[in-house]
Amino acid sequence: MTNGAPSCAIARRRDSPALREPAGLSHRSDATEIRELYVQALHELGIPLPDEERAGRCLLVSLAFGLAEGELSPQDVADGLSMTVAACTGEETQFLSVAVDYSEWMGPREFPGRERDLRAAALSLAASTDLGPSIGVPGTRRD
C-alpha cells in the first residue's frame with residue numbers, strides 16, 4: 001500500500017524526485033523518514049510547508065470533507081482528531097465540538113442523533129471553508 005498524498009500529487013502531474021520516493025513507501029515506514037521526504041518534496045515543488053495552525057485546520061477540513069463525501073465514517077472522524085487540530089471559524093469550531101463528543105462509548109440511542117449532528121456540521125464546514133476539498137482525505141472508510 002502506498003502513501004496517498006504523494007501519489008495524488010503525482011497523478012495531478014506535479015512531480016519531483018523527492019515526491020516519487022514517499023509515494024512508494026509503505027504506511028508502516030518510519031514516520032521521521034516519511035516527514036523528511038515529504039518536506040523535501042514540497043520544497044522541490046515550491047510548495048510552502050503550512051504552519052501548525054493551518055495544518056490543523058486542513059486536517060479538520062479534510063475530515064469534514066471525508067465525512068460529507070462518504071469517504072469517512074463518523075468513527076473515522078473521531079479517530080482522526082489529534083492535538084494539532086485547529087479551529088478558527090464558527091463552522092470549524094462547531095464541527096470540532098461535535099466530533100470530539102462522538103465516541104464509541106455512546107449508547108445505541110445516542111448514535112443516530114450524534115451522527116446526524118456530525119454530518120450536518122461536516123456539510124456546513126465543507127460548504128463554508130476557504131481551504132477547499134483538494135487538501136485530501138486523511139483516511140478511508142472502513143465499513
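I took buried to mean under 20% relative accessible area, exposed over 50%, and partly exposed in between, with a 1.4 Å probe and protein chains only as cover. By that scale I entered Asp130 as exposed, because its relative accessibility is 63%.

**Basis of the entries**

I worked from a predicted model, in which local features need pLDDT of at least 70 and side-chain atom pairs count only at pLDDT 80 or more, while totals for chains, interfaces and linings use all residues. I numbered residues from 1 along each chain as its sequence is written, and I used heavy atoms for side-chain values, leaving out hydrogens and water.

**Overall fold**

I looked up the secondary structure and found seven helices and zero strands. For this I used DSSP runs numbered from the N terminus, a helix being H or I over at least four residues and a strand being E over at least two. Along the sequence I read the pattern α-α-α-α-α-α-α. I noted that buried residues account for 34% of the 143 residues in the chain.

**Salt bridges**

I searched for salt bridges, defined as a side-chain nitrogen of Lys or Arg within 4 Å of a carboxyl oxygen of Asp or Glu. The count came to three.

I entered the pair of Glu92 and Arg57 with an N to O distance of 2.8 Å. Glu92 sits in helix H6 (residues 90–101) and Arg57 in helix H4, so this pair ties together parts that are 35 residues apart in sequence. I recorded Glu92 as buried, because its relative accessible area is 0%. Arg57 is also listed as buried, at 11%.

I then entered the salt bridge of Asp130 with Arg57, whose closest N and O atoms are 3.4 Å apart. This pair links distant parts of the chain, with Asp130 in the segment after helix H7 (111–128) and Arg57 in helix H4, 73 residues apart.

I also found Arg114 in a salt bridge with Glu110, with 3.7 Å between the closest N and O atoms. Arg114 is partly exposed at 28% relative accessibility, and Glu110 is partly exposed at 36%. I noted that salt bridges with shared partners join Arg57, Glu92 and Asp130 into one network.

**Cysteines**

How many disulfides does a search of the whole structure find? I took a disulfide as a pair of cysteine sulfur atoms within 2.5 Å, and the search returned zero. I looked up the accessibility of two cysteines. Cys58 counts as buried, because its relative accessibility is 17%. Cys88 counts as partly exposed, because its relative accessible area is 43%.

**Negative patch**

Which residues gather in a patch of negative charge on the surface? I found Glu21, Asp30, Glu33 and Glu36 there. The patch rule takes residues with over 30% relative accessible area and no salt bridge, and joins like charges within 9 Å and nonpolar side chains (Val, Leu, Ile, Met, Phe, Trp, Tyr) within 5 Å. Asp and Glu count as negative, Lys and Arg as positive, and His and the chain ends are not counted. I took the place of a charge as NZ of Lys, CZ of Arg, CG of Asp or CD of Glu. The accessible areas come from the Shrake-Rupley method with a 1.4 Å probe, and for residues only the protein chains shown count as cover.

I placed Asp30 in the loop between helix H2 (17–23) and helix H3 (31–45). Asp30 counts as partly exposed, because its relative accessibility is 46%.

**Separations along the chain**

I looked up Ala55 in helix H4 (residues 52–68). Ala55 is partly exposed, at 34% relative accessibility. Its C-alpha atom is separated by 7.7 Å from that of Val85, 30 residues apart along the chain.

I placed Leu60 in helix H4 as well, and entered Leu60 as buried, at 0% relative accessibility. The C-alpha atoms of Leu60 and Ser82 are separated by 9.2 Å, with the two residues 22 apart along the chain.

Where does Val77 lie? I found Val77 in helix H5 (residues 74–80). Val77 counts as buried, because its relative accessible area is 0%. I entered 8.8 Å between the C-alpha atoms of Val77 and Tyr102, which are 25 residues apart along the chain.
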